[in-house]
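Open the model in your viewer and keep the selection panel handy. We will walk through it one stop at a time.

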Amino acid sequence: MQIKSAEFVMSNSDVAKCPKDRLPEYAFIGRSNVGKSSLINMLMQRKSLAKTSGRPGKTQLINHFLVNKNWYLVDLPGYGYARVSKTAKKTFQKFITNYFSKREQLVSAFVLVDCRHEPQTIDLEFMHWMGENQIPFSIVFTKADKLKPKALSRNIEAYLQKLLETWEEAPQYFVTSATSSEGRDELLQYIDSINDSIHSA
Ligand code: GTP
Ligand code: MG
């Protein structure tokens, strides 16, 4: 898919105030600092469409970006970031779970995990919650540029094995890097094929 246009539409903390049109949307979620905003910029080939930072807790609202005037990308705050105050953290969790349970336009989510780390409880719990609530998602391994190919495939294999302890099938997954653009074509192709199937339904 060619990206012809990508524009910021709005930020808010209330799912009821998100765009009202019925365009399909795809949301990026995962722990703070995992690379959600960077991945969106990489996909859109725009340096700072979504705001990024080396310090976790940068994205604090639900951000809608309209792509090619016919679908949305949604950048969300990270979960599980201890340094924001407890109250703020609760608010994030609440509007994140609200967003996922109430947003009918959501077609699929991407749960991002850093390819360097072993499976983290909070991510596994989040995926479990998505499964229980029947919200479709795939996994996106981020920061692939930080590992050598062998270590990368070893980590991904170990991650999938861990998932297979509780899931009958491992979800679809993508391996990406915001610095090298690895995985860009695959991810966009995936979104494109879902959009096509929606339009022809
Ligand atoms: P929050 O909004 O705080 O939840 O974080 P986020 O998940 O949006 O992460 P963000 O995109 O802001 O990136 C966090 C840090 O990781 C930044 O310093 C990025 O430059 C870095 N980063 C993100 N993706 C990659 C990647 O693929 N490779 C490398 N080397 N660094 C990355
Ligand atoms: Mg962010």
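**Stop one: the hairpin**

Start by selecting Phe-65 and Leu-73: Leu-73, in strand 4, is the bridge partner of Phe-65. Keep in mind as you look around that this is a predicted model. Now extend the selection to both strands. Strand 3 and strand 4 are antiparallel and share five bridges. Together they make a hairpin with three residues between them. Click on Asn-68 in the turn, where phi is positive, at about 50°.

**Stop two: along strand 4**

Stay on strand 4 and show its side chains. Which way do they point? Trp-71, Leu-73 and Asp-75 go one way, while Tyr-72 and Val-74 go the other. This fits a general pattern: in a regular strand, side chains alternate between the two faces of the sheet. Five of the five residues in strand 4 are buried.

Next, add strand 2, which runs parallel to strand 4 (residues 71-75) and is joined to it by four bridges. Here Leu-73 turns up again, standing opposite Tyr-26.

**Stop three: the whole sheet**

Select every strand in cartoon view. You should see an open, mixed sheet of seven strands in the order 1-3-4-2-5-6-7. At its edges are strand 1 (6-12) and strand 7 (173-175), each pairing on one side only. From one strand to the next, the twist averages 25°.

Now bring in two helices. Helix 3 lies across strands 2, 5 and 6, at about 165° to strand 5. Helix 5 (residues 184-199) also packs on the sheet, touching strands 2, 4, 5, 6 and 7, and its direction makes about 165° with that of strand 5.

**Stop four: the cores**

Which residues have the most contacts inside the largest nonpolar core? Select Tyr-99 and Phe-100, which hold that place in a core of 31 residues. Helix 4 gives the most to this core, with five residues. Show what surrounds Phe-100: its contacts include Ala-27, Ile-29, Phe-126, Trp-129 and Met-130. A second, separate core has 24 residues, among them Phe-65, Val-67, Trp-71 and Leu-112.

**Last stop: the magnesium ion**

Finally, select ligand 2, a magnesium ion coordinated by Ser-37 (OG) and Thr-59 (OG1) at 2.0 to 2.2 Å. Ser-37 sits in helix 1 (residues 36-44) and Thr-59 in the loop between helix 1 and strand 3 (62-67), so the pair ties together parts 22 residues apart in sequence. Are these two residues buried or exposed? Both Ser-37 and Thr-59 are buried.

Key. Residues are numbered from 1 along each chain as its sequence is written. Chains are lettered from A and ligands numbered from 1 in the order in which they are written. This is a predicted model: local features need pLDDT of at least 70, side-chain atom pairs count only at pLDDT 80 or more; totals for chains, interfaces and linings use all residues. Side-chain values use heavy atoms; hydrogens and water are left out. Donors are N, O and S atoms within 2.8 Å of the metal (3.2 Å for Na, K and Ca); water is not among the atoms, so sites may look incomplete. Buried means under 20% relative accessible area, exposed over 50%, partly exposed in between (1.4 Å probe, protein chains only). A nonpolar core is a set of buried Ala, Val, Leu, Ile, Met, Phe, Trp, Tyr and Cys residues joined through side-chain atoms within 4.5 Å. Contact means heavy atoms within 4.5 Å. Two strands pair if DSSP finds at least two bridges between them. Axes are lines fitted to C-alpha atoms, for helices over the stretch in contact, and angles run from 0 to 180 degrees between N-to-C directions. Lists of a residue's contacts leave out its neighbours within four places in sequence.
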